[in-house]
Amino acid sequence: MKKNRASAIIPYEEGLIVIKRIKENNEYKEEYYTIPGGGQEEGETIEEATLREIREELGIDIELTDKCYEIESQGRRQYFFVAKYKSGKIGTGIGEEMTNINYEKYGAYIPEIIPIDEIKNIKLLPEEIKSIIISNINEIFKDNEKNNWVF
């Protein structure tokens, strides 16, 4: 089994922080979004891995809440913590995928903020986490001024 994946669902202002992925292969181009995160390293707790991955990918610090969704996807356990933005500038991550991109091999990793009411319209993978986010949108965005999102 592959190593666990640690991710954070991060509400930010009126949106959700995601990573836009673009992969091109000859005539084929794929665009989709993912929740920021990555693999758990040896000796790390899943919480430590989440904090490290978010710092590497986005350049920000977050605070994990007690809410976590767990799914099985691509042969590994994936943990999605709901988190609160604390500090830092989104897009300043220094992780390998953000600074040393081999575009031909891995494609592009672009941090974006998707407005809450647009989440249902994007290709967010894995689809199971998209469904979970939409189903739990008011709980995830509970600290948001508008707390009555309907999809």
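**A walk from helix 1 to the largest pocket**

Helix 1 has 13 residues, which at 1.5 Å a residue should span 18 Å, and its end C-alpha atoms are indeed 18 Å apart; the expected span is 1.5 Å times one less than the number of residues. Helices here are DSSP runs of H or I with at least four residues, strands are runs of E with at least two, and both are numbered from the N terminus. Please keep in mind that this is a predicted model, in which local features need pLDDT of at least 70, side-chain atom pairs count only at pLDDT 80 or more, and totals for chains, interfaces and linings use all residues. Residues are numbered from 1 along each chain as its sequence is written, and side-chain values use heavy atoms, with hydrogens and water left out.

Among the buried residues of helix 1 are Ile46, Ala49, Glu53 and Leu58. Buried means under 20% relative accessible area, exposed over 50%, and partly exposed in between, with a 1.4 Å probe and protein chains only. Just after the helix, Gly59 takes a positive phi of about 80°.

Ahead of helix 1, Glu41 sits in the loop that follows strand 4 (37-39) and leads to helix 1 (46-58). Glu41 is partly exposed because its relative accessible area is 42%. Its C-alpha atom is separated by 15 Å from that of Arg55, 14 residues apart along the chain.

Now for the lining of the largest pocket: its residues divide into 10 nonpolar, 9 polar and 11 charged. Nonpolar covers Ala, Val, Leu, Ile, Met, Phe, Trp, Tyr, Cys and Pro, charged covers Asp, Glu, Lys and Arg, and the others, Gly among them, count as polar. A pocket is an open set of points on a 1 Å grid over the protein atoms alone, where a 1.4 Å probe fits, with protein on both sides within 12 Å along at least five of seven lines; lining residues have an atom within 4 Å of a point.
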